[in-house]
Amino acid sequence: MISDDDLYRLAIFLGSCAMMMIVLYHFLDVNAIEEETADTVSQKAEDSAPLASTDTAAASGRN
């Protein structure tokens, strides 16, 4: 049967491993390079397209 000392060491080891995995996950998540999908690229292009102001349209004779 497992002794109290063995159980204590196992708990410390597994807890330490869990904490290292959490820190590693957050490190990788923060430093990950996000790949842009086609939908994201087209949405950014639509958002950044310049809009004609009403003064320019009126001056050029367009309505």
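Residues 7-28 are 100% helix and 0% strand, and the C-alpha atoms at the two ends of this span lie 31 Å apart. The model described here is predicted, and the UniProt record, in an unreviewed entry, gives these residues, 7-28, the feature name "transmembrane region". Two further topics are taken up below, namely a nonpolar patch on the surface and a salt bridge.

**The nonpolar surface patch**

- Met-1, Ile-2, Leu-7, Leu-10, Phe-13 and Leu-14 together make a nonpolar patch on the surface, with an area of about 720 Å².
- Leu-14, one of the residues that make this patch, is found in helix α1, which covers residues 4-30.
- The relative accessible area of Leu-14 is 48%, and this residue is therefore described as partly exposed, since the term exposed is kept for values over 50%.

**The salt bridge**

- The structure holds 1 salt bridge, in which the side chains of Arg-9 and Asp-6 meet at 3.3 Å, taken from N to O.
- Both partners, Arg-9 and Asp-6, lie in helix α1, where they are 3 residues apart, a spacing of about one turn of the helix.
- Arg-9 has a relative accessible area of 53% and is therefore classed as exposed, because the cut-off for that word is over 50%.
- Asp-6, with a relative accessible area of 34%, is partly exposed, because this term covers values between the limit for buried, under 20%, and the limit for exposed, over 50%.

Definitions and conventions. Residues are numbered from 1 along each chain as its sequence is written. This is a predicted model: local features need pLDDT of at least 70, side-chain atom pairs count only at pLDDT 80 or more; totals for chains, interfaces and linings use all residues. Side-chain values use heavy atoms; hydrogens and water are left out. UniProt positions are given in the numbering used here, feature names are shortened, and annotations may be inferred rather than shown by experiment. Helices (H or I, at least four residues) and strands (E, at least two) are DSSP runs, numbered from the N terminus. Patches are made of residues with over 30% relative accessible area and no salt bridge: like charges are joined within 9 Å, nonpolar side chains (Val, Leu, Ile, Met, Phe, Trp, Tyr) within 5 Å. Accessible areas come from the Shrake-Rupley method with a 1.4 Å probe; for residues, only the protein chains shown count as cover. A salt bridge is a side-chain nitrogen of Lys or Arg within 4 Å of a carboxyl oxygen of Asp or Glu. Buried means under 20% relative accessible area, exposed over 50%, partly exposed in between (1.4 Å probe, protein chains only).
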